[in-house]
Amino acid sequence: MRRFPAPSAILELLKPITWFPPMWAFACGVIATGVSFEGRWHLLVAGVILAGPMVCAASQAVNDWFDREVDAINEPQRPIPSGRMPGAWGLYVAIIWTGLSLLLGWFISPWAFVATLLGLLLAWFYSMPPLRFKQNGWLGNAACGISYEGLAWFTGSAVMMGDLFPSTPSILLAILYSIGAHGIMTLNDFKAIEGDRQMGVLSLPVQLGVAGAAENACLMMLAPQFGVFGLLLIWGAYWQAGVIVLLIAGQIVMMRNFLLDPVKRALFLSGFGVPLFVAGMMVSAFAVAGRFSVN
């Protein structure tokens, strides 16, 4: 019987495929400052590593440990239920990655440490009883949206500005895209409806039904983007606002197809619609950088 996990099992537990959203949000926060990278490349690289391979990875290990019974039903091939992560090694990896993340945040800057601490608290509270935010889809998706988008964006801006508080427009964009991420998180819940129902997890598809949750996911993704469109018009960023509208239109086309069969087509919308959403994040970040580069 295996006593220690193989490196490949640890890497699978940390789910590299999930690291991109917070890394991208951090980069958007950096761009939104309009600050030159010269002399700050080390902050950029360290911050991207902190957002993805550290904090996000730690959150995945935490989630897999506390979800091991649900995964035994929905995804029995995952490292913990399959036995490739023996004993309590799933928990040990979660604790070690949490500590390393805090250490890296501490070395980057005070704001980075505070954001790391908040993000990790949300990650543990998201999965760990008795709070276990993910038991309720509204609360759990909000925690993920804040961690993956808002906190990462804020940290990127603050770090690049020498730990100054980011500009108000940058903060507004971070908040709006955090709300949009709430809808994106719902898309992930369609693949686990039966397991969630058996384990008493009140994901939005369980609470609202498949059709209701699908409509809610689309609304939560689209409404904040229209808000971004309006703000860009107010700020005089007309061509960037036009790009946002085109990206929204592309998502609406895919959402109409998704709404016909949400369970089967959620993965398609995640794979092809979400990239348009995140592209809009960078477009709006460049728009802010050209107008409100320094607070």
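Good morning. I begin with two charged residues: Arg132 is buried, and so is Asp67. I should say at once that the structure before you is a predicted model.

These two residues form a salt bridge, with 2.7 Å between the closest N and O atoms. The pair joins distant parts of the chain, since Arg132 sits in the loop between helix 7 and helix 8, and Asp67 in the loop between helix 3 and helix 4, which spans 68-74; the two are 65 residues apart. Asp67 also forms a salt bridge with Lys134, where the closest N and O atoms are 2.3 Å apart. Lys134 lies in the loop between helix 7 and helix 8, so this pair ties together parts that are 67 residues apart in sequence. Lys134, like Asp67, is buried.

How many salt bridges does a search of the whole structure find? The total is 7. Another of these joins Glu12 and Arg84, at 2.8 Å from N to O. Here Glu12 belongs to helix 1 and Arg84 to the loop between helix 5 and helix 6, 72 residues apart. Are these two side chains buried or partly exposed? Glu12 has a relative accessibility of 28%, and therefore counts as partly exposed; Arg84, at 31%, is partly exposed as well. Both residues belong to a network of salt bridges that also includes Lys15, Asp64 and Arg78.

I turn now to helix 6, residues 89-108. Its 20 residues reach 28 Å from the first C-alpha to the last, close to the 28 Å expected at 1.5 Å a residue. Its buried residues are Gly90, Val93, Ala94, Thr98, Ser101, Gly105 and Ile108. Seen down the axis of helix 6, these fall within an arc of 135°, so they line one face of the helix. The face turned away from that buried side carries the exposed residues Trp106 and Phe107. Among the elements covering the buried residues of helix 6 are helix 1, helix 3, helix 5, helix 7 and helix 8.

Finally, the nonpolar interior. The largest nonpolar core has 48 residues, and those with the most contacts inside it are Trp153, Leu187, Phe190, Leu232, Phe258 and Met281. Helix 13 gives the largest share of this core, 11 residues. Apart from it lies another core, of 15 residues, including Cys56, Val62, Met85 and Ala94. To return to Leu187 in the largest core: beyond four places in sequence, Leu187 touches Ala217, Met221, Phe258, Ala266, Leu269, Ser270 and Val274. Thank you.

Key
Residues are numbered from 1 along each chain as its sequence is written. This is a predicted model: local features need pLDDT of at least 70, side-chain atom pairs count only at pLDDT 80 or more; totals for chains, interfaces and linings use all residues. Side-chain values use heavy atoms; hydrogens and water are left out. A nonpolar core is a set of buried Ala, Val, Leu, Ile, Met, Phe, Trp, Tyr and Cys residues joined through side-chain atoms within 4.5 Å. Buried means under 20% relative accessible area, exposed over 50%, partly exposed in between (1.4 Å probe, protein chains only). Helices (H or I, at least four residues) and strands (E, at least two) are DSSP runs, numbered from the N terminus. Contact means heavy atoms within 4.5 Å. The expected span of a helix is 1.5 Å times one less than its number of residues. The arc is that of the directions from the helix axis to the C-beta atoms. A salt bridge is a side-chain nitrogen of Lys or Arg within 4 Å of a carboxyl oxygen of Asp or Glu.
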